[in-house]
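Here is a set of questions and answers to work through with the structure in view.

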Amino acid sequence: ITAVAHGRVGVAALLVETGEIVAINETSHYPMHSVYKMLIAMAVLNKIENASLSLTQKIHIEESDIFGRTGAPIRQKYPHGGVDLTIRELLEYMVTHSDGVASDILLRVLGGPSQITKYLRDLGITEIDVVTTEREQGQDEKTQYRNWATPIAMTELLGKLQSGAVLSESHRELLLHLMTITPYWRTRIRGLLPEGTPVASKSGSSG
């Protein structure tokens with residue numbers, strides 16, 4: 001069915017319980033767009049487990065932090081900044097509502113995109129690179145290709161998350177909850193599955 005896409009399609013699916021995999025172009029590089037916000041969330045939760053951060057810790061949002069589309073939740077609610085949001089709130093804005101302002105603030109808290117890649121390397125994931133911010137991607141369309149992943153590497157990471165190999169149970173449940181309550185498009189995988197199918201997802205799009 002990939003022929004109708006008129007483009008280079010990459011797919012990888014893993015049956016966690018048996019390790020069986022089905023894949024197409026699974027080692028090719030694909031831009032992640034907002035999918036990388038799931039990786040940022042994992043790195044933040046890992047820092048919390050190391051006692052470097054806490055879910056209740058408040059981060060001050062300046063007017064200079066606000067950028068992007070008018071419809072972005074934080075920009076829409078706090079167009080001039082001047083508000084303190086907890087890391088838990090920022091995680092929900094970023095994962096559930098794909099808010100780029102929250103994403104960049106959490107990247108800054110972590111020490112920049114390179115810290116996400118380092119976290120992934122520590123997990124043994126080598127074929128995912130995070131090097132840019134949401135603001136940078138919005139300023140130059142070519143920048144979107146610098147944050148890339150292979151389908152097989154992303155699926156391996158999801159397998160680790162599902163099996164409990166990464167994050168504590170409470171943080172894993174929080175992330176999967178945020179990925180489950182996110183709005184979705186009816187034309188994407190989740191919308192085409194039978195009604196009531198439980199799905200935790202993080203999509204990414206580009207104009």
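**A buried threonine and its surroundings**

Q: Is Thr133 buried or exposed?
A: In this predicted model, a residue is called buried when its relative accessible area is under 20%. Thr133 has a relative accessible area of 16%, and therefore Thr133 is buried.

Q: Where is Thr133 placed, and which residues does Thr133 touch?
A: Thr133 lies in the loop that runs between strand E6 (128-129) and helix H6 (134-139). Leaving out residues up to four places away in sequence, Thr133 touches Tyr36, Asp104, Leu107 and Pro113.

Q: Is Phe67 buried or exposed, and which residues is Phe67 in contact with?
A: Phe67 is found in the loop between E4 and helix H2 (73-77). Its relative accessibility is 14%, and with the limit for buried set at under 20%, Phe67 counts as buried. Apart from neighbours within four places in sequence, the residues in contact with Phe67 are Arg75, Gly100, Val101, Asp104, Glu134 and Arg135.

Q: What distance separates the C-alpha atoms of Phe67 and Val130?
A: Phe67 and Val130 are 63 residues apart along the chain. In space, the separation of their C-alpha atoms is 20 Å.

Q: Which residues have the most contacts inside the largest nonpolar core, and which helix gives the most to this core?
A: The largest nonpolar core has 51 residues, and those with the most contacts inside it are Leu39 and Ile128. Several elements each supply at least two residues of this core, including strand E4 (58-61), strand E5 (83-86), helix H3 (87-97) and helix H8 (169-180). The element that gives the most to this core, with 10 residues, is H1.

Q: Why is H1 described as largely enclosed by the rest of the structure, and which of its residues are buried?
A: H1 is largely enclosed by the rest of the structure because 11 of its 14 residues are buried. The buried residues of H1 are Tyr36, Lys37, Met38, Leu39, Ile40, Ala41, Met42, Ala43, Val44, Leu45 and Ile48.

Q: What span should the 14 residues of H1 have, and how far apart are its end C-alpha atoms?
A: Counting 1.5 Å a residue, the 14 residues of H1 should span 20 Å. The end C-alpha atoms of H1 agree with this expectation, since they are 20 Å apart. H1 is then followed by Ala51, whose phi is positive, near 70 degrees.

Q: Which residue in E7 is the bridge partner of Ile128?
A: E6 and strand E7 (residues 148-149) run antiparallel and are joined by 2 bridges. Ile128 touches, among others outside its stretch of four places in sequence, Met32, Leu39, Trp148 and Leu157. In E7, the bridge partner of Ile128 is Ala149.

Q: Which strands stand at the edges of the open sheet of 3 strands?
A: The order of this open sheet is E3-E7-E6, and its pairing is antiparallel. Each edge strand has a single partner strand, so one side of each is left without a neighbour in the sheet, and these edge strands are strand E3 (30-31) and E6.

Q: Which residue in the hairpin of E1 and E2 takes a positive phi?
A: Strand E1 (residues 11-15) pairs with strand E2 (residues 20-24) in the antiparallel sense over 5 bridges, and in E2 the bridge partner of Leu14 is Ile21. The hairpin has 4 residues between the strands, and the residue with a positive phi, near 85 degrees, is Gly19.

Q: Which ring does the charged end of Arg8 sit over?
A: The structure holds 0 aromatic pairs. The charged end of Arg8 nevertheless sits over a ring, 4.5 Å from its centre, and that ring belongs to Tyr30.

Definitions and conventions: Residues are numbered from 1 along each chain as its sequence is written. This is a predicted model: local features need pLDDT of at least 70, side-chain atom pairs count only at pLDDT 80 or more; totals for chains, interfaces and linings use all residues. Side-chain values use heavy atoms; hydrogens and water are left out. A nonpolar core is a set of buried Ala, Val, Leu, Ile, Met, Phe, Trp, Tyr and Cys residues joined through side-chain atoms within 4.5 Å. Buried means under 20% relative accessible area, exposed over 50%, partly exposed in between (1.4 Å probe, protein chains only). Contact means heavy atoms within 4.5 Å. Rings of Phe, Tyr and Trp (its six-membered ring) pair if their centres lie within 6.5 Å; planes under 30 degrees apart count as stacked, over 60 as edge-to-face and the rest as tilted. A charge sits over a ring if NZ of Lys or CZ of Arg is within 6 Å of the ring centre and within 35 degrees of the ring normal. The expected span of a helix is 1.5 Å times one less than its number of residues. Two strands pair if DSSP finds at least two bridges between them.
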